[in-house]
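This report describes a two-chain model in running text, with one small table. Please read it alongside the sequence and the structure shown below.

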Amino acid sequence: MQVSLYRAVEAVFRKEALISLRSRASWLVVLMFALTTLSCVSLLMQGDVLSPRLAAAMLWVILFFSLLSGAGRGFADEEQEGTLMALSVYGSPQAVLFGKGIFMAVLLFALSLLIVPVYLVLMDIPVFSVLLLFAALLAGTYGMAMAGTLLSALMVGAKAQNGLLAILMLPVLLPILLPAIVLTAGCFSGEAVRISYLVGMLLYDGIMTLAASLLFDFLWYED
Amino acid sequence: MKSCEKGLWLFILLLTAGLFYAVFFFVPPAEGLGSLVRIAFFHIPVAWGSVIAFLVGAWYALRYLRRPGKRFDAISAESARLGLIFVVLATLSGAVFSKLTWGAYWNWDPRQTTIFVLLLIYAAYLTLRSVITDERRRARVSAIYALFSFLTVPFLIFIIPRFYFSLHPSPVLNGSGSIEMDPVMLRVLLLSLLDVTLIYIALLGHRVKEVHHHET
């Protein structure tokens, strides 16, 4: 039966949403990881005030490592449950990539919306431009989700998966992390930031999506 | 074939010896840098080698994906191994130069950052290769990673200089299109680039042949 790509993506998205609602383990771990890290940072700072730049860098480091533990689950769970074969028989590669990727993006963005306010409250940081912070979070978490989905598919069958994603992800994600930190620092300090940083992030997100889409076919159709 | 390889190595040996002599006895001390400029004749060529190895690795990764063959995978992997060595040498020699001229081994200069990212990519690529046991899957997966990480490079080249202030001397081929260098220095530098490229080609050929030999 031939289904349109949109329908297929939607089906994979729904499947992912259903599974993650049923077993809350994957996103609960991400959330707790983030809360543990940021309370750790906050405790160790003992009430000292961070400069906007440092606060922004710290926030993105926390987001990077905590969201990473969720972003890598995309295919690792399928592999563990033994459902990868069925998925590869029934799903077209593009549907699987985009269904999983978009769901992951939504999940990571939602989680970041829970994590960031806690960070802001604990560290006592004012936000001058909420909209810009939103945009930076959206562009950042989307990139992380897309790269994470492709890279977690690469890691299927690897011997030592713990920590591997961080190693693979960091060089790929640097063009997103660096502008994200500058934008966030601007939001924290109230100084004007060039919007070209955001455009750069979006451009990189677009290129990464295109590349993931082109490369994923090679991974899916194994001979 | 065998004598051709020997000839290449002999040529490389003579060229390298000649370059050593030229760098220490012909090249005049540079304005402001004095004799420290001699490090550049090692540093620039190895940095060049690491970039060439990266490009070759990505190109053969692409060729592997289009038409899977063990040889393409071997070239891509061996190129990354050589690239890692080059990039480590470039980073270390750069750090020494940085310490002697600017007083610190490391200060996240744009070029230091870019080369560091290249180092991270090489390390990640080789780590990925080491954790996948199935040969064909390893080849495919690492080719995909090589191409995916290749994307970041143009972005970093444009983005990073906006983030960090640079003390690094402007590239020999700079934006203005003019070459501001002592003619003797320039010739020696170009020859040393040729030397490193030849060393890279010779080592790559040797390593790929060894892998092939080992498998058959």
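In residues 57–76 of chain A, 95% of the span is helix and 0% is strand, and the end C-alpha atoms lie 29 Å apart. Helices (H or I, at least four residues) and strands (E, at least two) are DSSP runs, numbered from the N terminus. The model is predicted: local features need pLDDT of at least 70, side-chain atom pairs count only at pLDDT 80 or more, and totals for chains, interfaces and linings use all residues. Residues are numbered from 1 along each chain as its sequence is written, while chains are lettered from A and ligands numbered from 1 in the order in which they are written.

**Annotated spans**

An unreviewed UniProt entry places the feature "transmembrane region" at residues 25–45, 57–76, 97–122, 128–151, 163–183 and 195–220 of chain A. For chain B, the UniProt annotation "transmembrane region", also from an unreviewed entry, covers residues 7–27, 39–62, 82–102, 114–132, 144–164 and 184–204. UniProt positions are given in the numbering used here, feature names are shortened, and annotations may be inferred rather than shown by experiment. The table gives values for some of these spans.

| Span | Helix | Strand | Distance between end C-alpha atoms |
|---|---|---|---|
| Residues 195–220 of chain A | 96% | 0% | 37 Å |
| Residues 39–62 of chain B | 96% | 0% | 35 Å |
| Residues 184–204 of chain B | 100% | 0% | 30 Å |

**Chain A**

Helix 4 (residues 73–81) and helix 7 (residues 130–154) of chain A have axes that come within 7 Å and cross at roughly 35°. Axes are lines fitted to C-alpha atoms, for helices over the stretch in contact, and angles run from 0 to 180 degrees between N-to-C directions. On the helix 4 side of chain A, Gly74(A), Phe75(A) and Ala76(A) meet Gly148(A), Thr149(A), Ser152(A) and Ala153(A) of helix 7. Two residues are in contact if their C-beta atoms, placed from the backbone, lie within 7 Å. This contact of helix 4 with helix 7 of chain A has three nonpolar, four polar and no charged residues. Here Ala, Val, Leu, Ile, Met, Phe, Trp, Tyr, Cys and Pro count as nonpolar, Asp, Glu, Lys and Arg as charged, and the others, Gly among them, as polar.

The loop between helix 6 (93–123) and helix 7 of chain A holds Asp124(A). Phi of Asp124(A) is near 55°, a positive value in a residue other than glycine. Most residues other than glycine have a negative phi. Asp124(A) counts as exposed because it has 11 C-beta neighbours inside 10 Å. A residue is buried if 20 or more other C-beta atoms lie within 10 Å of its own, exposed if 12 or fewer, and partly exposed in between, with C-beta atoms placed from the backbone.

Pro175(A) is part of helix 8 of chain A, and counts as buried because it has 27 C-beta neighbours inside 10 Å. The C-alpha atoms of Pro175(A) and Tyr197(A) are separated by 10.0 Å, although the two are 22 residues apart along the chain. Tyr197(A) is one of the buried residues of helix 9 of chain A, which also include Tyr204(A), Asp205(A), Leu215(A) and Leu219(A).

**Chain B**

Chain B has seven helices and zero strands. Of its 216 residues, 35% are buried. Among contacts in chain B between residues at least 6 apart in sequence, 77% join residues at least 24 apart.

Asp109(B) sits in the loop between helix 3 (70–102) and helix 4 of chain B. With 21 other C-beta atoms within 10 Å, Asp109(B) is buried. Helix 7 (residues 183–215) of chain B has buried residues that include Val188(B), Ser192(B) and Tyr200(B). The buried residues of this helix pack against helix 1 (2–25), helix 2 (40–66) and helix 3 of chain B.

**Between the chains**

In the contact between chains, 25 residues of chain B meet 24 residues of chain A. Helix 4 (110–131), helix 5 (135–150) and helix 6 (152–163) are the elements that give two or more residues to the chain B side. Helix 5 of chain B gives the most, with eight residues. The chain B side divides into 18 nonpolar, four polar and three charged residues.

Leaving aside its neighbours within four places in sequence, Ile144(B) is in contact with Leu154(A), Leu215(A), Phe218(A) and Leu219(A).
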